[in-house]
Amino acid sequence: MLKEDCASELRVHLARSLPLPSSVDRPRIDLIVFVVNLHSKYSLRNVEESLRHVDATFFLGKAAFLATGAGRESHCSVHRNTVVKLAHTYRSPLFFCDLEMEGFQATMAQRLVRMLQICAGHVPGVSALNLLSLLRSSETLAPEDL
């Protein structure tokens, strides 16, 4: 993500879990991306536990889920539908990718940077709620299919 061309300053903070340690000089958080490794049940459990520490307002367009390892479904210990249901429960976008493939890394980084720019208010005329609405309307999974 840091390699992407971005007009504003981009800071990425990686954390294994939430809550983050208290810090007086922590920058504003514009987007939270919960990464679930489909090859690790621990990863899913860690995300589920971390979700309890996030203010509900972040789920109004400022949170997303990223499921990695989607390219090798035979090695998955977390079923795709489990992550789909989790994202649906929190009304947040879900991206599937395989970060081990370089092309997917660049594409996903571009998508996340664009989403971050919108969430941070750097795209005139588009808000995080607008983005959420657009992403939700493009979903093909109906709630009754869950």
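**Exercise 1. Cysteines and disulfides**

Task: Establish whether Cys97 is buried or exposed, and then find how many disulfides there are.

Solution: Cys97 has a relative accessible area of 5% and is buried. The structure is a predicted model, and the value for Cys97 is therefore computed from predicted atoms. Next, take Cys76, which has a relative accessibility of 23% and counts as partly exposed, since buried means under 20%. Finally, the count of disulfides comes to 0, where a disulfide would need two cysteine sulfur atoms within 2.5 Å.

**Exercise 2. The order of the elements**

Task: Describe which helices and strands the protein chain has, and in what order the elements run from the N terminus on.

Solution: Begin with the totals, which are 4 helices and 3 strands in the protein chain. Then follow the chain from the N terminus, where the elements run β-α-β-α-β-α-α. As a last step, consider burial across the whole protein chain, where 35% of the 146 residues count as buried.

**Exercise 3. Strand S2 and its partner**

Task: Work out how many of the residues of S2 are buried, and in which sense S1 and S2 pair.

Solution: Of the 6 residues of S2, 6 are buried, so the strand is largely enclosed by the rest of the structure. Now sort the side chains by direction: Ala63, Phe65 and Ala67 point one way from S2, while Ala64, Leu66 and Thr68 point the other way. This can be set beside the general pattern, in which the side chains of a regular strand alternate between the two faces of the sheet. Turning to the partner strand, S1 (residues 32–37) pairs with S2 in the parallel sense, over 6 bridges. Within this pairing, Val33 stands opposite Ala64 in S2.

**Exercise 4. Aromatic rings**

Task: Find how many aromatic pairs there are, and explain why the pair of Phe65 and Tyr90 counts as tilted.

Solution: The count comes to 3 aromatic pairs. For Phe65 and Tyr90, the ring centres are 6.4 Å apart and the planes stand at 45 degrees, so the pair is tilted, because planes under 30 degrees apart would count as stacked and planes over 60 as edge-to-face. Phe65 lies in strand S2 and Tyr90 in the loop between helix H2 (80–89) and strand S3 (94–97), so the pair ties together parts that are 25 residues apart in sequence. The two partners can also be described by their accessibility: Phe65 is buried at 0%, whereas Tyr90 is partly exposed at 26%. Ring pairs link Phe34, Phe59, Phe65 and Tyr90 into a cluster. Of these, Phe34 has its place in strand S1 and counts as buried, with a relative accessibility of 5%.

**Exercise 5. Charged side chains**

Task: Identify which residue forms a salt bridge with Arg28, and which residue's ring face Arg80 lies over.

Solution: As a starting point, side chains of opposite charge can pair when their charged atoms come close. The structure holds 1 salt bridge, formed by Arg28 and Asp30, whose closest N and O atoms are 2.6 Å apart. Compare the accessibility of each partner with its class: Arg28 is exposed, with a relative accessible area of 60%, while Asp30 counts as buried at 13%. Arg80 makes another kind of contact, lying over the face of Phe96 at 4.8 Å from the ring centre.

**Exercise 6. Helix H3**

Task: Determine how many residues helix H3 has and what distance it reaches from its first C-alpha to its last.

Solution: Helix H3 covers residues 102–119, which makes 18 residues, and it reaches 26 Å, close to the 26 Å expected at 1.5 Å a residue. Next, look at burial along H3, where the buried residues include Met108, Ala109, Leu112 and Val113. After H3 comes Gly121, whose phi is positive, near 85 degrees.

**Exercise 7. Unusual backbone angles**

Task: State where Arg91 is found, and what the omega of the peptide bond from Leu18 to Pro19 is.

Solution: Arg91 is found in the loop between H2 and S3, and its phi is positive, about 50 degrees, although it is not a glycine. With a relative accessibility of 44%, Arg91 counts as partly exposed. For the second part, the peptide bond from Leu18 to Pro19 is cis, with omega near 10 degrees, and Pro19 is found in the segment before S1.

Note on methods. Residues are numbered from 1 along each chain as its sequence is written. This is a predicted model: local features need pLDDT of at least 70, side-chain atom pairs count only at pLDDT 80 or more; totals for chains, interfaces and linings use all residues. Side-chain values use heavy atoms; hydrogens and water are left out. Rings of Phe, Tyr and Trp (its six-membered ring) pair if their centres lie within 6.5 Å; planes under 30 degrees apart count as stacked, over 60 as edge-to-face and the rest as tilted. Helices (H or I, at least four residues) and strands (E, at least two) are DSSP runs, numbered from the N terminus. Buried means under 20% relative accessible area, exposed over 50%, partly exposed in between (1.4 Å probe, protein chains only). A charge sits over a ring if NZ of Lys or CZ of Arg is within 6 Å of the ring centre and within 35 degrees of the ring normal. The expected span of a helix is 1.5 Å times one less than its number of residues. A salt bridge is a side-chain nitrogen of Lys or Arg within 4 Å of a carboxyl oxygen of Asp or Glu. Two strands pair if DSSP finds at least two bridges between them.
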